[in-house]
Amino acid sequence: MTTISAAEIWGFLEDVKDPEVPVLSVVDLGVVRDVKLREQNKWEVVITPTYSGCPAMQVIEKGIIERLNEEGLEVNVTTVLSPAWTTDWMSEAGREKLRAYGIAPPEDEVDKSVLFAKPTVIPCPNCGSKNTKMVSQFGSTACKAHYKCLNCLEPFDYFKCLR
Amino acid sequence: MTKEEALFTYLLRRADDTLILGHRLSEWCGHGPILEEDIALTNLSLDLIGQCTSYFQYAAQIEGKGRTEDDLAFLRIEKDYVNCLMVEQPNGDFGKTITRQFFYDVYHKLLLEALVNSKDEQLSAIAEKSLKEVKYHLRHSSEWMIRLGDGTEESHERMQNAVDDISRFIDELFYKDQVDEMLIKEGIIPDSADFRAAYDAYVTEVLEEATLQLPEKMWQLSGGRKGVHSEHLGYLLAELQYMQRTYPNMEW
Ligand SMILES: [Zn+2]
């Protein structure tokens with residue numbers, strides 16, 4: 001019987017994509033927190049939600065189970081809330097994939113308690129211009145804000161910083 | 001009352017606040033004054049519904065009677081809901097919805113900041129997770145309070161009316177009974193009296209900026225934490241529970 005390493009499991013998980021941002025794997029996104037061998041061929045994958053109400057989490061859980069079942073492995077997915085997910089956990093590869101897909105990756109943002117703070121400058125993922133404008137802090141999904149580029153005039157999503 | 005029973009009731013209070021406020025906000029779906037706010041309000045709703053799921057799951061586990069989060073959310077009768085009265089108040093116009101949101105967000109953020117230090121690991125984890133979301137909520141509602149309060153004559157008047165109305169429900173946010181007392185003693189929840197001053201200070205600061213005023217001390221309404229609700233909750237539950245009552249055990 002061949003033994004499979006945790007590193008290989010992480011590799012399989014690279015194939016499981018975020019259903020709302022299908023260029024990102026669950027590993028890129030940073031929602032997979034741990035992979036543990038429970039007993040022979042039985043694994044536990046620990047995940048954490050991006051936002052409390054993120055509807056993608058159930059699909060992600062199913063995707064993980066299906067992918068590992070394909071390898072003939074049994075898996076149990078558990079969800080933890082703490083430590084709470086932060087966009088700092090997104091991989092560098094993930095940030096590049098987002099940009100190539102047309103979504104601006106998270107930037108360092110100003111303190112959220114400051115009212116009417118000037119929104120952080122988010123470069124346009126299409127043309128790179130910094131001449132962009134926030135349309136709304138709340139976008140098409142919980143994790144995104146809605147921006148518009150004043151240079152190429154394209155609207156775009158920004159994967160907002162959560163810390 | 002055992003510690004588990006107190007914790008169960010407390011978790012339902014948190015769960016019901018977030019469920020009912022989340023449901024109220026979802027009523028705006030497709031009716032927002034502008035597209036961006038339609039999306040913003042439903043985003044807030046999604047966060048709150050997500051948070052209530054965490055509380056209900058934990059409550060079901062603590063109760064240990066085989067009820068699920070869905071049973072708790074959809075299959076209780078009105079007097080078993082223990083949300084505060086503020087969150088069940090009807091949406092009114094956009095200004096009233098924002099005002100209700102603002103008065104609740106200030107409390108919600110302060111509560112979660114303190115709840116993160118709970119000796120109960122799971123409650124602390126839910127608070128830590130929710131707090132990141134609620135910071136966004138508070139900034140959103142605070143900015144709209146100022147924009148609309150210090151806006152046109154019309155928007156100012158509507159906001160002042162909303163403040164007069166919703167401020168009747170502030171004291172209830174700080175309601176305490178033996179459930180709270182027991183959990184405070186155990187270090188599981190904070191004493192809300194400890195952040196009342198911070199609440200009043202923040203509210204005053206934003207209202208001043210918004211050129212709005214808290215009315216002279218008004219009659220304060222309460223009862224929600226004991227299941228005694230305003231007439232509005234029944235109608236809300238009729239809609240919220242419709243699918244589960246009509247098609248028991250249905251799933252999406
Ligand atoms: Zn551009």
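**A tour from one buried asparagine to a β-sheet**

Start by selecting B:N43: it is buried, with a relative accessible area of 6% (buried means under 20%, exposed over 50%, partly exposed in between, using a 1.4 Å probe and protein chains only). You're looking at a predicted model, where local features need pLDDT of at least 70, side-chain atom pairs count only at pLDDT 80 or more, and totals for chains, interfaces and linings use all residues. Residues are numbered from 1 along each chain as its sequence is written, chains are lettered from A and ligands numbered from 1 in the order in which they are written, and side-chain values use heavy atoms, with hydrogens and water left out.

Widen the selection to residues 35–63 of chain B, and you have helix α2, where B:N43 lies (helices are DSSP runs of H or I, at least four residues; strands are runs of E, at least two; both are numbered from the N terminus). Now pick B:C29: its C-alpha is 9.9 Å from that of B:N43, with their positions 14 residues apart in sequence.

What does B:N43 touch, leaving aside neighbours within four places in sequence? Show A:F138, A:G139, A:T141 and A:A142, which are in contact with B:N43 (heavy atoms within 4.5 Å).

That takes you to the interface. Chain B puts in 27 residues and chain A 30. About 2500 Å² is buried between them, 63% of it from carbon and sulfur atoms; this is the accessible area, with a 1.4 Å probe, that the two parts lose on being put together, summed over both. Don't hunt for salt bridges here: the rule finds zero (a side-chain nitrogen of Lys or Arg within 4 Å of a carboxyl oxygen of Asp or Glu). Polar contacts do turn up, in eleven residue pairs, both residues at pLDDT 80 or more. Such a contact is a pair of N or O atoms within 3.5 Å; within protein, one must be able to donate a hydrogen and the other to accept it, and residues adjacent in sequence count only if both atoms are side-chain atoms.

On the chain B side, colour α2, α6 (121–149) and α10 (196–209), each supplying at least two residues. The largest share, 15 residues, comes from α6(B).

Next, hop to strand β4 of chain A (residues 42–47), with five of its six residues buried. Strand β3 (residues 32–39) pairs with β4(A) in the antiparallel sense over six bridges (pairing takes at least two DSSP bridges). Find A:K36 opposite A:E44, then A:N41 in the hairpin turn, with a positive phi of about 65 degrees.
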